[in-house]
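Visitor: Could you walk me through this model? I'd like to start with a pair of packed helices.

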Amino acid sequence: MNYSEFFKMIPEASLIAILIVLFVADFATAKNEERKWFNPLASVLLLLNTFMCLCPMDPQSLFGGMYETTPAVDVMKAILSMGTFIVVVQSRNWAAKSGKEAEFYMLIVSTLLGMYMMMSAGNFLMFFLGLEMASVPLACTVAFDMYRKNSAEGAAKFILTATFSSGVMLYGISFLYGQFGTLYFADIAAKMEATPLVIMGLVFFFSGLGFKISLVPFHFWTADTYQGAPTTITGYLSVISKGAAAFTLLSILFHVFGGIMEYWHVLMMIVVVLSITIANLFAVRQSELKRFMAFSSISQAGYIMLAAVGNNWSSSVAALSYYILIYVVANMAVFTIISVVEQNNNGKTNIDDYNGFYQTNPRLSFLMTLAMFSLGGIPPFAGMFSKFFIFMSGVNGADINTTMGAWAYGVVFIALLNTVISLYYYLKIVKAMYIVRTDNPLPTFKSDCNTKLALAICMAGILLFGVCSLVYEWIAAAV
């Protein structure tokens, strides 16, 4: 083994360096009662990691093909690192009050490292190790509020479903190994054929990763886990974890199972339609805001994976990456506001608590409205542009005169109709804040500097990422 190859894994090496710095800083200052500098330290280090991911790098194939990376993978790593930076910035007050601030930051960075390894895997074994590196610390963060019943329950469901999905996935991978005698993506792709063993392996592998993305019908853990987890972790689960798993699934489907595309295309179309439709119908009925956002995230997962319905890799990966970028800033804006309201409302997160919110906190109400409009795809916000590109990628290369092409257009049409339903339930929050009156609205409160910074970054993304065409062009050029 050539150990010098470790130094070519710049994004991963920088995260390992961040972990070491945070551990040493925590160990050296453990007896200090106040460490106001700890959050800025973690934030600055993650920001540096984002810039490292943005540095132009040539495609790499290391350790005999176990680790592979491309400019498209580096762009996705930068997007996820930026999202993690926002999570860390806005979590300062909550993390400090928890008494385990350093542990929280190290768990988050460890999870991100696992996601990096998962996205850069060139072998199913490396992919699985990266997936578990991400899942285990994530389970710890879900259970961070260990003395809250909902947190313990949400963590238990997350761990049980994660364990079950990992077992199902390994079962599918074993079928592929039995058929091809190798776990390397390139070798399997070169020998790909639609035998019963391969089809079963594909179905089990897809089912296992479907749990991670919370696609229907693998979504049952989502609402309870989102409600029980600390709000900061819920935001992280909904965007960063989902984005990494979605990108990896798209990459493996195209690069490993590309030879049997007609089989997984049908499977993907069914799952996308079910995810978007069922999640939208359930979101309409929710009265608890974090459960509401859980079903919203299931629907958004369906929209994200709509990119896999198309036949063109470049178009699909560019649209998926751009959609995740917009989803990160819009969803993190919502969860940042939910978090600050929760801290000033005795931990309550019911939608009714936002009745008349505009009367006492007009600025936060306005920012929440912009984020909801972006999630719903209302122009001219960035969410509208992301949905446009994801719809276009879904029909890219599809011939409407063929059966599969007609199905692709049908799936995109159903997704477009569901956008109207999503507008209805996103506007429920806006209605509660601006129209529904109450004699006891939430009191007026001021946000801390970290919250303001996180919201400023998110709002800049919502307003600028769509109208500035260079953002999408930059992502597309990396493919």
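Guide: In helix 16, Ser 365, Phe 366, Met 368, Thr 369, Met 372, Phe 373, Leu 375 and Gly 376 are in contact with Thr 419, Ser 422, Leu 423, Tyr 426, Leu 427, Ile 429, Val 430, Met 433 and Tyr 434 in helix 18, where contact means heavy atoms within 4.5 Å and helices are DSSP runs of H or I with at least four residues, numbered from the N terminus. This is a predicted model, in which local features need pLDDT of at least 70 and side-chain atom pairs count only at pLDDT 80 or more, while totals for chains, interfaces and linings use all residues. Residues are numbered from 1 along each chain as its sequence is written, and side-chain values use heavy atoms, with hydrogens and water left out.

Visitor: How do the residues of the contact of helix 16 with helix 18 divide into nonpolar, polar and charged?

Guide: They comprise 12 nonpolar, 5 polar and no charged residues, with Ala, Val, Leu, Ile, Met, Phe, Trp, Tyr, Cys and Pro counted as nonpolar, Asp, Glu, Lys and Arg as charged, and the others, Gly among them, as polar.

Visitor: And are helix 16 and helix 18 parallel or antiparallel to each other?

Guide: The axes of helix 16 (residues 362-376) and helix 18 (residues 403-434) come within 9 Å and cross at roughly 175 degrees, the axes being lines fitted to C-alpha atoms over the stretch in contact, with angles from 0 to 180 degrees between N-to-C directions. The two helices are therefore roughly antiparallel, a label given to angles over 145 degrees.

Visitor: Switching to charges, how many salt bridges are there?

Guide: The count comes to 3 salt bridges, each defined by a side-chain nitrogen of Lys or Arg within 4 Å of a carboxyl oxygen of Asp or Glu. In one of them Lys 77 pairs with Glu 12, with the closest N and O atoms 2.6 Å apart. Lys 77 lies in helix 3 (residues 71-90) and Glu 12 in helix 1 (residues 10-28), so this pair ties together parts 65 residues apart in sequence.

Visitor: Are Lys 77 and Glu 12 buried or exposed?

Guide: Both Lys 77 and Glu 12 are buried, which is to say under 20% relative accessible area, whereas exposed is over 50% and partly exposed lies in between (1.4 Å probe, protein chains only).

Visitor: What does Asp 224 pair with?

Guide: Asp 224 forms a salt bridge with Lys 157, the closest N and O atoms being 2.5 Å apart. That pair links helix 7 (residues 149-180), which holds Lys 157, to helix 10 (residues 222-228), which holds Asp 224. Asp 224 also meets Arg 291 in a salt bridge, at 2.8 Å from N to O, and Arg 291 lies in helix 13 (residues 289-305), so parts 67 residues apart in sequence are tied together. Through shared partners, Lys 157, Asp 224 and Arg 291 join into one network.

Visitor: What about the core, which residues touch the most other members?

Guide: The largest nonpolar core has 174 residues, and Phe 124, Phe 127, Phe 205, Phe 257, Met 305 and Leu 320 touch the most other members; such a core is a set of buried Ala, Val, Leu, Ile, Met, Phe, Trp, Tyr and Cys residues joined through side-chain atoms within 4.5 Å. Helix 14 (residues 313-343) contributes the largest share of this core, 21 residues.

Visitor: And what does Phe 124 touch?

Guide: Leaving out residues up to four places away in sequence, Phe 124 touches several residues, including Ile 173, Leu 183, Phe 205 and Phe 257.

Methods: Angles under 35 degrees count as roughly parallel, over 145 as roughly antiparallel, 65 to 115 as roughly perpendicular and the rest as oblique.
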